[in-house]
Amino acid sequence: MLEIKNLHVKLEEEDKQILKGVNLTVGAGQVHAIMGPNGSGKSTLSYVLSGRGGYEVTEGAATLNGTDLLDLEPEERAAAGLFLAFQYPVEIPGVGNMTFLRTAVNAQRKARGEDELSATDFLKVIRAKAKDLQIDAEMLKRPVNVGFSGGEKKRNEILQMAMLEPKMCILDETDSGLDVDAMKLVADGVNALRDAGRSFLVITHYQRLLDHIKPDVVHIMADGKIIKTGGPELALEVENNGYADLLEERV
Amino acid sequence: MTALDNQTEVRDGVDRETVETVQSMAGTYKYGWNTDIEMDYAPKGVNTDIVRLISGKNEEPEWMTDWRLSAYARWEKMTEPTWAMVHYPPIDYQDQYYYARPKSMDVKPKSLDDVDPKLLATYEKLGIPLKEQMVLAGVEGAEDVPAEGRKVAVDAVFDSVSVGTTFQAELKKAGVIFCSISEAIREHPELVKKYLGTVVPPSDNFFATLNSAVFSDGSFVYVPPGVRCPMELSTYFRINAENTGQFERTLIIADKGSYVSYLEGCTAPKRDTTQLHAAVVEIIIEEDAEVKYSTVQNWYPGDENGKGGIFNFVTKRADCRGDRAKVMWTQVETGSAVTWKYPSCILRGDDSQGEFYSIAIANNYQQADTGTKMVHLGKNTKSRIVSKGISAGKAQNTYRGLVSMHPKAKNSRNYTQCDSLLIGGDCGAHTVPYIEVRNNSSRVEHEATTSKVDDDQLFYCRQRGMDEEEAVALVVNGFCREVLQALPMEFAMEAQALVAISLEGSVG
C-alpha cells in the first residue's frame with residue numbers, strides 16, 4: 001500500500017534536515033504505529049506524505065499503490081486515497097461542517113471520474129456515520145471546527161475519514177488532548193473502518209491509544225530515522241522504560 | 001430539526017453550485033463579450049445642447065428639461081471630489097458619449113424574427129428567459145404570451161436606454177408601476193414630480209449632479225398603499241458601446257404599508273479604455289412600508305495589469321420618511337476598476353430601520369471605497385451594518401461609513417461590524433468609520449476585524465480533496481456568509497459564484 005524509501009527531507013526556508021532516510025512499508029489492511037520522542041520527525045513525515053508546503057524532499061521516494069506521491073498536488077494525493085487526521089484540526093469560520101464535507105467528498109469523486117453524491121444521499125450517509133461517533137445534527141451544521149472542544153475536533157476528523165473512505169489513513173497524534181472516553185470513541189471509529197483494503201499509520205507519543213487500536217507493527221522513530229521495528233510488545237516496552245533505553249541502544 | 005436540516009440542504013446545494021459554476025467558467029470575466037449592434041450616438045461631450053437632446057430623445061415635458069438644465073448649470077461650477085481612497089487618471093468629461101441607443105429601437109419589431117439577433121443574443125448571454133427577451137426587445141404583443149418559470153419582472157437598460165420591461169400587465173393588476181424612468185416621466189408626471197430629487201437633490205454631489213443633467217434612462221417603481229409586490233423586480237444594466245458613460249436613474253416609491261424587493265445586476269464588455277458609470281438611486285419609503293434593494297455589481301474590473309474597467313461613481317440613498325419604515329441594502333461589489341459608492345439610509349420616521357449588508361471584493365489593481373451612511377433623525381430608530389471587504393492582488397479596499405445620531409433620535413441604536421480579509425501580501429484594507437452621537441440615550445457599537453486567508457486553512461481543504469481555487473472560494477464564501485444569507489436565493493447563488501470568479505488567480 002504505502003512504500004517509503006530512504007526519504008530525506010529538509011525545511012524549505014532553512015538548512016535544517018528533519019528526515020534522514022526513512023524506510024517504511026505498510027501492507028494492505030495493516031495498522032502500523034510510529035512512536036518517538038518530540039522532535040523526532042513524526043509529524044513532518046505525515047505532512048510530507050500529504051503534501052504540505054514548507055518542506056523539500058532532497059532524496060528518496062514515497063509511493064501509494066505504486067503511484068509516486070511526491071509528484072502530486074495535495075488534492076491529488078487525497079483523491080488517490082491518502083487521508084491525514086490532523087493533530088490540530090483547522091477552523092474555517094462561516095463554512096458549515098456538512099458543506100465542507102460534501103464539497104470534499106464530491107471534489108474527490110469528481111477527480112476520480114465518479115458521479116457526485118446527491119444532497120439526499122449524502123445526508124443519509126453522513127447521518128448514519130455521525131451517529132456512530134456521537135456527533136449530533138447540531139455539530140454538523142456548525143462552522144468547521146469553530147468552537148469545537150478538543151474531543152469534538154478529533155471525532156470530526158474521524159467522521160471526515162469515514163465519509164471520504166480513504167485507502168491509507170495517517171493519524172497524527174489523534175489521541176492528544178483526549179480523555180479516556182473520547183479516546184475510546186475515536187478508537188472505535190477507527191476500528192470500524194479497518195478492513196483488508198485499508199491501511200493505517202498511527203502516530204502517537206503514548207502507548208495507551210494502541211490499547212484501543214491494536215497495531216500489527218510498531219516503529220520507533222528518533223532523529224529523523226526509524227531506529228527500531230517490532231510487534232505490539234515494542235509499544236509496551238516504551239511505555240514501561242521510556243525512550244531513553246532505545247536511544248542509548250542505538251548509540 | 002427537520003426544518004433546520006432542510007435549510008442546510010439548500011445551502012449545501014448552493015455551495016456545490018458555486019463550485020461547478022466556477023469551474024465551468026474557468027475564471028475569466030464571463031460577461032466580457034461585446035455586442036456589435038448598430039448604435040445611434042449623440043456627439044461626444046456634454047453641454048446644454050446635449051442635455052436638451054437627451055431630454056428631447058426621451059420626449060420629455062418642459063419642466064423636466066428645465067430640471068436637467070439647472071442641474072447642468074450647477075455641475076459646471078462643481079469640482080470632482082478627491083477625498084476617497086481611490087486614484088485614477090483625470091477623467092475627460094468631454095471625451096465621452098452621453099447618449100447611445102440601439103438603432104433597432106426606432107421601429108417596433110413585429111416578432112422576434114425582426115429583432116436584431118445580436119440584441120437577443122445579448123439577453124441570452126445574460127440569462128434572461130425567452131419570453132422576457134421578447135418583451136425586452138419590444139416585440140408587439142409579447143406581453144400576451146404566457147410566461148414560464150420564475151417570476152421576476154425585468155427592466156433592461158442597454159447603454160443609455162431602457163429596452164423594455166417584462167410582466168407589466170401582471171404588475172398593473174396589483175397596481176404596481178414598474179417601467180423605465182423615461183416612460184414614467186411621460187405617463188406618471190405627478191409621481192415623478194413629487195418624488196424625483198427629493199432624496200438625492202440635484203445639488204447633492206458632483207456625480208449625482210452630472211447624473212441629474214444627463215441621465216438617459218433607468219427604472220421607476222411605484223408600489224401603492226398596502227400592496228405587497230407580487231414578484232421580485234429586477235433591472236439589468238449593461239454598458240455596451242465604447243467610450244460611453246452610463247448614467248441611469250432609479251426611483252423607487254413604496255407607499256404606506258407596501259413591500260417590494262428589487263434586484264439590480266450590472267455587466268459591461270471588456271475594453272482597454274475605461275468607461276464611466278455614474279448612477280443615482282432614490283428610494284422613498286412611507287409609513288410601515290419596506291424595501292429590499294439588492295445589487296450584484298459585476299462591471300468589468302479591468303485586466304490583471306489594471307488596464308480598462310469601469311469607473312463606478314454611484315449615489316444611492318433611501319429615505320425612511322414614515323414611521324416604522326424599513327429598508328435593507330445588500331450589495332455584492334465584485335467589479336469595476338474604481339468603486340465609489342455609499343448606499344445610505346435616512347431614518348426620518350420614528351421606529352424606522354435601516355440595514356446595510358455588503359461584500360466588496362477587489363483583486364488585481366481594483367480600488368473600492370465603499371460603505372454606508374446611517375442618519376438617525378427619528379426616535380427609536382435602528383440600523384445595522386455588516387461589511388465584508390476582501391482584497392487580493394494589488395487591490396485597495398476601503399470601508400467608509402458614517403453613523404450619525406441626531407439630537408431628536410432618542411433611544412436609537414446602531415451596530416456596525418466591519419471585517420476585512422486579505423489574500424496575499426500586496427493588497428490593502430482600510431476602515432474609516434465616522435461616528436457622531438448628539439443625544440445621550442442612543443447607543444452605537446462598532447466592531448472591526450482584519451484577517452488573512454491562511455495557508456493552514458487552504459492545506460486543510462486541499463488535503464480533503466479540494467483544489468486550491470475551490471479552497472479559496474470556500475474560505476471566502478464562509479467569510480461572507482452573513483451577507484450572502486441576506487440576498488434573495490437566486491442572487492445568492494450568482495453572488496457565491498462571482499466571489500469565486502473574482503478571486504481567480506489570487507493565490508499560488
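**Buried residues, salt bridges and the interface of chains A and B**

With a relative accessibility of 0%, Leu19(A) counts as buried. The model described here is a predicted one, and Leu19(A) is a convenient place to enter it. This leucine belongs to strand β2 of chain A, which spans residues 17–26. Leaving out residues up to four places away in sequence, Leu19(A) touches Leu7(A), His8(A), Val9(A), Gly41(A), Thr44(A), Leu45(A), Met221(A) and Gly224(A). Lys124(A), by contrast, is 105 residues from Leu19(A) in sequence and 43 Å from it in space, taken from C-alpha to C-alpha.

Strand β2 of chain A also carries Lys20(A), and a salt bridge joins this lysine to Asp223(A), with the closest N and O atoms 2.9 Å apart. Because Asp223(A) sits in the loop between β11 (217–222) and β12 (225–230) of chain A while Lys20(A) is in β2, the pair ties together parts that are 203 residues apart in sequence. Both partners have some access to the surroundings: Asp223(A) is partly exposed at 42% relative accessibility, and Lys20(A) is partly exposed at 29%.

Two further salt bridges of chain A invite a look at how their partners are placed. In one of them, the side chains of Glu91(A) and Lys153(A) meet at 3.6 Å, N to O. This pair links distant parts of the chain, since Glu91(A) lies in the loop between β6 (82–85) and β7 (92–96) and Lys153(A) in helix α6 (residues 150–164), 62 residues apart. Glu91(A) is partly exposed, at 36% relative accessibility, whereas Lys153(A) has a relative accessible area of 18% and is therefore buried. In the other, Arg198(A) pairs with Asp195(A), the closest N and O atoms being 3.7 Å apart. Here the arginine is the buried partner, because its relative accessibility is 11%, while Asp195(A), at 40%, is partly exposed. Over all chains, the count comes to 28 salt bridges.

A second fully covered residue of chain A is Thr204(A), which counts as buried at 0% relative accessibility. Thr204(A) is located in strand β10 (residues 199–204). A polar atom of its side chain lies 3.1 Å from the backbone oxygen of Tyr206(A). Beyond its neighbours within four places in sequence, Thr204(A) is in contact with Ile34(A), Met35(A), Gly36(A), Lys42(A), Asp175(A), Leu209(A), Leu210(A) and Tyr243(A).

Attention now turns to chain B. Its secondary structure comprises 13 helices and 23 strands, and 61% of its 508 residues are buried. Among its contacts between residues at least 6 apart in sequence, 84% join residues at least 24 apart. Helix α9 (residues 206–214) of chain B is largely enclosed by the rest of the structure, because nine of its nine residues are buried. The cover over these buried residues includes α2 (48–57), α3 (62–76), β8, β11 (280–285), β13 (309–320) and β15 (338–341) of chain B. At the start of α9(B), a side-chain oxygen of Asn205(B) comes to within 3.0 Å of the backbone nitrogen of Phe207(B).

Glu248(B) is a charged residue in the loop between β7 (232–238) and β8 (249–254) of chain B. Although buried, Glu248(B) has no salt bridge, and the nearest side chain of opposite charge, that of Lys316(B), is 6.9 Å away. Its side chain does make a polar contact with the side chain of His277(B), at 2.9 Å.

Finally, how do the two chains meet? Contact between them involves 30 residues of chain B and 43 residues of chain A. Together the chains bury about 3100 Å², 58% of it on carbon and sulfur atoms. On the side of chain B, Phe459(B), Tyr460(B) and Arg464(B) lose the most area to chain A, together 26% of what that side buries. Four salt bridges are counted between the chains, and 14 residue pairs are in polar contact across the interface. Helices α1 (2–25), α10 (455–463) and α11 (468–479) of chain B each supply at least two residues to the side that touches chain A, with α1(B) giving the most, 11 residues. This side of chain B divides into 10 nonpolar, seven polar and 13 charged residues. One of the charged contacts is the salt bridge between Arg462(B) and Glu75(A), at 2.8 Å, N to O. The same two residues belong to a network of salt bridges that also links Glu73(A).

Terms used: Residues numbered from 1 in each chain as written. Chains lettered and ligands numbered in written order. Predicted model: local features only at pLDDT ≥ 70, side-chain atom pairs only at ≥ 80, totals over all residues. Heavy atoms only, no water. Helix = DSSP H or I, 4+ residues; strand = E, 2+ residues; numbered from the N terminus. Buried < 20%, exposed > 50% of the residue type's maximum accessible area, 1.4 Å probe, protein only. Lys, Arg positive; Asp, Glu negative; His and termini not counted. Polar contact = N/O pair within 3.5 Å; in protein donor to acceptor, adjacent residues only side chain to side chain. Contact = heavy atoms within 4.5 Å. Buried area = accessible area lost by both parts, 1.4 Å probe. Nonpolar A, V, L, I, M, F, W, Y, C, P; charged D, E, K, R; others polar.
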